[in-house]
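Work through the exercises below with the sequence and the model at hand. Each task is followed by a solution in steps.

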Amino acid sequence: MERSAKDVRMETFESFKEVFASAPIRLMSRTVSAMRAMGYGDLASAIGDLDWQTVPEDDPEDPNLHHDWQNLLDAAFGHVDGWLNQLGAHPLGYNLDSIGFPAVTGAWSGLWSNQLGIDFRNEPYSPPQIVVFHGGNQALQASLLGVAEARRNRVGGNSPATMLVPVPTFSCPLDQMALQGMQVVLLPPGRDDMDPHPADLDQVPDGVDIDGVYLMPVNNPTGRTLPPAQMRAFVDAVLARWPHAGIILDSVYVRMHPRYRELLAWYLEDPRYQESVLFIDSLSKSHGVTGLRAGAIPTRSSALRNGITRYAQNIMAGPSNAMQAVMLSLLAPFALGDSELAEHRIRLSLRIGRHLQRRRRLLMRDAFDRFGQFMAEEQPLLPDPATFDWEGSMYAVPKLSSMCREMADKGGFSPTVTFYLETGIGGVPLEGFCRNPNLERHGLVVNRDSERLKAFQQEARKYVRLSFGMTPPPRER
Ligand SMILES: Cc1ncc(COP(=O)(O)O)c(C=O)c1O
């Protein structure tokens, strides 16, 4: 008998589960259990992540984006030799600069000064204010080590550090906190919009000592932009209660946001922030180079820097020369101080961001048209369900209907997975995303030799990544 599309999806899902039986996804499922224990009866879909290969060449709103984006990447990867020669006498040797070559950290410095109006600089004989990493996620790991080390310096090494994390949140940091044995206080959202709010902190019992907070100015997975005044008020409320807390601001979407300057401008307005705040940045989104693994931490915090620089210098020993060379090429206008070219690059990042939002809008509209019965009528996180056009990251979290949730109960899956099984929405072929054989099977690349799956992948190119069951929707009131 002919297998239905749903059978194929089921097969994909089953093999996905098997492949990940002993992988980090299991740790993520601990997050899911924790959230369930907190009263979340449901999980929702997160949608996002594209690279330039998925940009159509005839995008009516920005027909040259594909071309311009590709040119940037081609040039960066094509001139690696030249950049490597400029970076060191032994460009393929090991003794590279693990904090980041001065030219590379200088380029990040130029990027932040030029685009965001915030100055970070690595000066000789001074502790670094910018350290480069293998992407935002490794920068995040380093930040968590920085928080843990700051705690040990403060109170000794007898108990693990405690992180405060407003949910919904990006799942990878939770995974890393679990791997590092940190304690985590998940802060449930107090309102329908699920944005972190200072009043939410009342939920943290007295006597809980918070060492660090993980926050995003533009949230993955909700896609929402936290108004800067609210972000600042939240940070103020954290510091009022835990003055020693390190604030990790994962800002990987900020430079793609139309109001990029506004989002972090408050950082300069109170000297206290310099000691407590640390930023995470990455080229994965703004330059569409997730596989390159290019990220950085800009911070002036002396307390957090200890663990971070020790990790970078002694354990990680820095991103490779080749990666730093590509990074430098991508950021060259900021290293050279060429303001016209810099302006062009900033515009390209904004166009990439805009494109991602446009893809999200098309996907969401299509999903609502075709599978409206799976979507709840009230969509507290989708401010404009007619046009689906709003700022933020490329993600969106639709609330699923009670019908979908009942089907999920019957089938024994989370509603997110049920949604995927019924509609096929979810997953991206992820070509070029990650060459590590352990990770290659992410998402739909399980059974990559299957003809049926190949056909489904073709269809799924229109869609984007599904994070299986990691995001709680608003709680019923
Ligand atoms: C908020 C956030 N931070 C960090 C990352 C990871 O970025 P990178 O690819 O640079 O590790 C992502 C990717 O989805 C993200 O959404």
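## Exercise 1: Two loop residues

Arg293 sits in the loop that runs between helix 11 (283-286) and strand 8 (294-298). The model is a predicted one.

Task: state whether Arg293 is buried or exposed, do the same for Tyr125, and describe the phi angle of Arg293.

Solution.
- Step 1. Count the neighbours of Arg293: 21 other C-beta atoms lie within 10 Å. A residue is buried if 20 or more other C-beta atoms lie within 10 Å of its own, so Arg293 is buried.
- Step 2. Place Tyr125: this residue belongs to the loop between helix 5 (102-116) and strand 2 (130-134).
- Step 3. Count the neighbours of Tyr125: there are 4 C-beta neighbours inside 10 Å. The limit for an exposed residue is 12 or fewer, so Tyr125 counts as exposed.
- Step 4. Turn to the backbone. Arg293 is not a glycine, yet its phi is positive, about 65°. Tyr125, also not a glycine, has a positive phi of about 65°.

## Exercise 2: The packing of helix 3 and helix 13

Task: describe how helix 3 (residues 65-78) and helix 13 (residues 321-330) pack, and list the residues that meet.

Solution.
- Step 1. Choose the quantities. Two packed helices are described by the angle between their axes and the distance between the axes.
- Step 2. Read them off: the angle between helix 3 and helix 13 is about 135°, and their axes are 8 Å apart. That angle makes helix 3 oblique to helix 13.
- Step 3. Give the handedness: the crossing of helix 3 past helix 13 is right-handed.
- Step 4. List the residues. Helix 3 contributes Leu72, Ala75, Ala76 and Phe77, which meet Val326, Ser329 and Leu330 of helix 13.
- Step 5. Sort them by class: the contact of helix 3 with helix 13 has six nonpolar residues, one polar residue and no charged residues.

## Exercise 3: Helix 13 and Ser329

Task: find how many residues of helix 13 are buried, then examine Ser329.

Solution.
- Step 1. Identify the buried residues of helix 13: Asn321, Met323, Gln324, Ala325, Val326, Met327, Leu328, Ser329 and Leu330.
- Step 2. Draw the conclusion: nine of the ten residues of helix 13 are buried, so this helix is largely enclosed by the rest of the structure.
- Step 3. Check Ser329, a residue of helix 13. Ser329 has 20 C-beta neighbours inside 10 Å and therefore counts as buried.
- Step 4. Find its contacts. With neighbours within four places in sequence left aside, Ser329 is in contact with Ala75, Ala76, His79 and Trp83.
- Step 5. Compare sequence and space for one of these pairs: Ser329 and Ala76 are 253 residues apart in sequence, but 5.0 Å apart in space, C-alpha to C-alpha.

## Exercise 4: Leu239

Task: place Leu239 and name its contacts beyond four places in sequence.

Solution.
- Step 1. Leu239 lies in helix 8 (residues 228-241).
- Step 2. Its 19 C-beta neighbours inside 10 Å make Leu239 count as partly exposed.
- Step 3. Beyond four places in sequence, Leu239 is in contact with Ala245, Arg272 and Ser276. Leu239 and Ser276 are 37 residues apart in sequence and 8.4 Å apart in space, C-alpha to C-alpha.

## Exercise 5: Around the ligand

Task: describe the shell around the ligand by class.

Solution.
- Step 1. The residues around the ligand include Gly135, Phe170, Asp250 and Thr290.
- Step 2. By class, the shell has three nonpolar, eight polar and one charged residues.
- Step 3. Helix 6 (residues 135-155) supplies the largest share of the shell, three residues.

Methods. Residues are numbered from 1 along each chain as its sequence is written. This is a predicted model: local features need pLDDT of at least 70, side-chain atom pairs count only at pLDDT 80 or more; totals for chains, interfaces and linings use all residues. Axes are lines fitted to C-alpha atoms, for helices over the stretch in contact, and angles run from 0 to 180 degrees between N-to-C directions. Helices (H or I, at least four residues) and strands (E, at least two) are DSSP runs, numbered from the N terminus. Angles under 35 degrees count as roughly parallel, over 145 as roughly antiparallel, 65 to 115 as roughly perpendicular and the rest as oblique. A crossing is left-handed if the near helix is turned anticlockwise from the far one by less than a right angle, and right-handed if clockwise. Two residues are in contact if their C-beta atoms, placed from the backbone, lie within 7 Å. Ala, Val, Leu, Ile, Met, Phe, Trp, Tyr, Cys and Pro count as nonpolar, Asp, Glu, Lys and Arg as charged, and the others, Gly among them, as polar. A residue is near a molecule or strand if its C-beta atom, placed from the backbone, lies within 6 Å of it.
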